[in-house]
Amino acid sequence: MFQTQATALLYNISAEKSRKIKFIFIQLKIHIKTIEKKDYNKPIGVLAGISDIPTVDTPYEGEGFLEEMLVFKGFTEKQLDEVLLRFRSNKIPKVNLKAVLTPSNQTWDSITLYKELKKEHEKMNS
């Protein structure tokens with residue numbers, strides 16, 4: 001079900017920050033996909049390249065969200081640690097909303113994942 005190719009989904013990352021993040025991912029041979037608002041209603045798994053999940057072809061037309069979000073698919077623990085270490089050593093400002101793609105969240109759309117991560121982040125920081 002999960003391909004082994006590590007993939008990172010980027011949401012709302014500024015051009016400068018995105019350039020730095022993409023450089024790190026390219027060095028680590030991690031596939032990168034910048035997600036546009038029109039694709040927010042597609043399942044996260046589909047956006048990450050999993051082909052056996054039913055998809056939605058209608059473009060998203062809702063309000064969306066402006067906060068930065070990263071989704072990691074197919075990362076080993078070592079790869080994840082390495083990415084976060086390189087973010088810190090390159091002084092890349094923290095992305096608060098981060099998730100690992102799982103069997104339970106791979107069918108969620110971007111808005112559902114965003115709301116869930118936002119809730120978790122607020123709980124952890126209250």
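Here are two short exercises on the core and the salt bridges of this structure.

This is a predicted model, where local features need pLDDT of at least 70, side-chain atom pairs count only at pLDDT 80 or more, and totals for chains, interfaces and linings use all residues. Residues are numbered from 1 along each chain as its sequence is written, and side-chain values use heavy atoms, leaving out hydrogens and water.

**Exercise 1.** Work out which helix or strand gives the most to the largest nonpolar core.

*Step 1.* Get the term straight: a nonpolar core is a set of buried (under 20% relative accessible area, 1.4 Å probe, protein chains only) Ala, Val, Leu, Ile, Met, Phe, Trp, Tyr and Cys residues joined through side-chain atoms within 4.5 Å.

*Step 2.* The largest one has 19 residues, and L9, Y11, I44, F65, M69, V71 and L113 touch the most other members.

*Step 3.* β1, α2, β3, β4 and α4 each supply at least two residues; these are DSSP runs (helices H or I, at least four residues; strands E, at least two), numbered from the N terminus.

*Step 4.* α4 wins, giving 4 residues.

**Exercise 2.** Explain what the K17 to E68 salt bridge ties together.

*Step 1.* Check the rule: a side-chain nitrogen of Lys or Arg within 4 Å of a carboxyl oxygen of Asp or Glu.

*Step 2.* For K17 and E68, the closest N and O atoms are 2.6 Å apart.

*Step 3.* K17 sits in helix α1 and E68 in the loop between α2 and β3, so the pair joins parts 51 residues apart in sequence.

*Step 4.* Now the accessibility: K17 is buried at 9%, while E68 is partly exposed (between 20% and 50%) at 21%.
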